[in-house]
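Please work through the following exercises with the sequence and the structure side by side. Each task is followed by a solution that proceeds step by step.

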Amino acid sequence: MSADPHPTSGEIDECWREIGVSGDRSCPELEEHLHCRNCPTHAQIARKLLDRPLPPGYRDDWTLHFAKPDEKAPQGEEIDSVLIFRIGEEWLGLPATICREIAEPRPIHSLPHRRSEAVRGIVNVRGELLICVSLPALLGIGAAAAVRGAERIAVFPRLVVTGEGAQHVAFEVDEVHGLHAYRAHERGAVPATVGRSAASVVATMIPWKGRAVGCLDAGRLLALIDRSIA
Amino acid sequence: MLFLMFQLGRDRYVLETGQVEAVLPLLATKQLPGAPRGVTGAISYRGRPVPVVDLALLALGRPAEPRLSTRIILLRYPSGPGQDDLLGLLVEQAVETVERDPADFTASGVEAGMPPYLGPVASDERGLIQWVRGEALLTPEIRDILFRQQAAEL
């Protein structure tokens with residue numbers, strides 16, 4: 001058997017090129033799956049690529065790779081992950097353990113006789129009515145509409161659903177970066193310049209892309225939200 | 001519950017992913033002369049020696065074929081009270097995971113005389129898949145031979 005890493009087209013039935021989306025689209029399965037990438041036949045053929053013999057050197061290269069100690073994972077050090085998001089000019093981290101969902105922004109229905117700064121109203125997230133709080137008001141961050149330069153092409157505001165157990169609360173953010181994993185030794189102290197109400201909730205600072213990101217403390221944040229709703 | 005699927009011959013089997021430490025590509029193994037049948041050798045995983053059992057050899061009587069889809073599943077294996085060891089399982093077609101409810105698995109109907117590692121079965125559109133119990137994969141005798149040396153070093 002040859003160890004050619006690229007199989008010749010004879011070994012693989014390229015149905016997507018003949019009757020699929022790259023061909024004449026006459027495949028009856030297209031009706032159901034719309035695109036070849038959704039089709040189980042396509043997946044089956046893709047899996048066949050892994051049925052090939054090992055390329056030369058493959059086994060030895062991987063053997064050397066896994067024999068080396070993993071320097072990226074020092075033993076015994078805790079790894080934590082946070083959801084990094086932006087409010088105004090401020091980048092903050094929400095512990096991933098209390099992050100439930102990121103949703104598109106949607107209309108917020110204000111509550112009658114409720115003129116609190118912190119509670120914005122009610123939002124509908126997949127049929128569940130959640131209280132939407134204003135994190136800028138809670139943390140005392142100026143939610144000044146930041147004028148962004150040309151460095152960023154597009155930013156999308158998002159709705160973040162947080163909470164523990166069955167209790168969920170939503171808040172709006174100007175942008176969500178995604179999850180970021182960090183190690184315990186990266187944590188730094190919160191500088192004194194952080195506003196007082198924010199300092200009570202920001203537990204640690206972690207470096208991220210040359211910035212210091214304030215990581216919110218899960219327990220204190222949820223307690224603060226609870227107090228603001230009550 | 002998430003399961004890692006592999007094949008022995010034509011049949012599909014699953015392992016519970018909670019037991020799986022990592023899935024490695026096919027590595028070169030160091031032969032262990034005189035090792036019991038089914039044990040192909042040992043690999044170095046991050047500097048730690050890990051014995052590798054060829055499931056195809058154990059169950060089908062022929063070694064696993066060297067292909068890209070043949071992989072080594074590193075299983076956390078209870079080697080004694082309160083301690084885990086790593087065990088490598090050389091399996092074919094380890095390319096898929098499936099999400100199944102453990103309650104979907106029912107007794108296969110043939111329990112007597114079956115190898116102790118084979119568990120209940122569940123069906124899907126391609127046929128039956130069988131749950132492999134990681135903790136029952138090795139007989140106590142093989143386990144003693146494999147891990148005795150490590151225990152002696154401690």
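## Exercise 1: An unusual residue in a strand

B:Q93 is buried, since 20 other C-beta atoms lie within 10 Å. (A residue counts as buried if 20 or more other C-beta atoms lie within 10 Å of its own, as exposed if 12 or fewer, and as partly exposed in between, with C-beta atoms placed from the backbone.) This is a predicted model, in which local features need pLDDT of at least 70, side-chain atom pairs count only at pLDDT 80 or more, and totals for chains, interfaces and linings use all residues. Residues are numbered from 1 along each chain as its sequence is written, while chains are lettered from A and ligands numbered from 1 in the order in which they are written.

**Task.** Find where B:Q93 is placed, and state which sign its phi takes.

**Solution.** Step one is to locate the residue: B:Q93 is found in strand β7 of chain B. (Helices, H or I of at least four residues, and strands, E of at least two, are DSSP runs numbered from the N terminus.) Step two is to read the backbone angle, and here B:Q93 has a positive phi of about 60 degrees although it is not a glycine. As background, most residues other than glycine have a negative phi.

**Task.** Is A:K209, which also calls for a look at its phi, buried or exposed?

**Solution.** A:K209 lies in the loop between β9 (202-208) and β10 (211-216) of chain A, and its phi is positive, about 50 degrees, although A:K209 is not a glycine. A:K209 counts as exposed because it has 9 C-beta neighbours inside 10 Å.

## Exercise 2: Chain B and its core

**Task.** Describe the order of helices and strands in chain B, and then name residues that touch the most other members of the largest nonpolar core.

**Solution.** Begin with the elements: chain B has two helices and nine strands, and along the sequence they follow the pattern β-β-β-β-β-α-β-β-β-β-α. Of the 154 residues of chain B, 32% count as buried. A nonpolar core is a set of buried Ala, Val, Leu, Ile, Met, Phe, Trp, Tyr and Cys residues joined through C-beta atoms within 7 Å. The largest such core has 37 residues, and those touching the most other members are B:V14, B:V53, B:I72, B:I73, B:L89, B:L90 and B:V91. Elements that give two or more residues to this core include β1 (2-8), β2 (11-16) and α1 (55-60) of chain B. Finally, leaving aside neighbours within four places in sequence, B:V14 is in contact with B:F3, B:L4, B:M5, B:V98, B:I129, B:W131 and B:V132. (Two residues are in contact if their C-beta atoms, placed from the backbone, lie within 7 Å.)

**Task.** How many bridges join strand β4 (residues 39-45) of chain B to strand β5 (residues 48-54) of chain B?

**Solution.** These strands run antiparallel and are joined by six bridges. (Two strands pair if DSSP finds at least two bridges between them.) One such bridge links B:S44 with its partner B:P49 in β5(B). The hairpin of β4(B) and β5(B) has two residues between the strands, and within this hairpin B:R46 takes a positive phi near 55 degrees.

## Exercise 3: A sheet in chain A

**Task.** Which strands are the edge strands of the open sheet in chain A?

**Solution.** First write down the order of the five strands, which is β3-β6-β7-β5-β4 (chain A), with mixed pairing. The edge strands are then β3 (99-103) and β4 (119-125) of chain A, each of which pairs on one side only. Next, β3(A) is joined by four bridges to strand β6 (residues 158-164) of chain A, and the two run antiparallel; in β6(A), A:V161 is the bridge partner of A:E101.

## Exercise 4: Where the chains meet

**Task.** Which helix gives the largest share of the side of chain A that touches chain B?

**Solution.** The contact takes 14 residues from chain A and 14 residues from chain B. On the side of chain A, the largest share, six residues, comes from helix α4 (residues 58-67) of chain A.

## Exercise 5: Confidence

**Task.** Where in chain A is confidence lowest, and where is it highest?

**Solution.** pLDDT is the predictor's confidence in each residue, from 0 to 100. Chain A averages a pLDDT of 82, and 84% of the residues score at least 70. Confidence in chain A is lowest in helix α6 (residues 196-199) of chain A, at a mean of 65, and highest in strand β5 (residues 128-133) of chain A, at 92.
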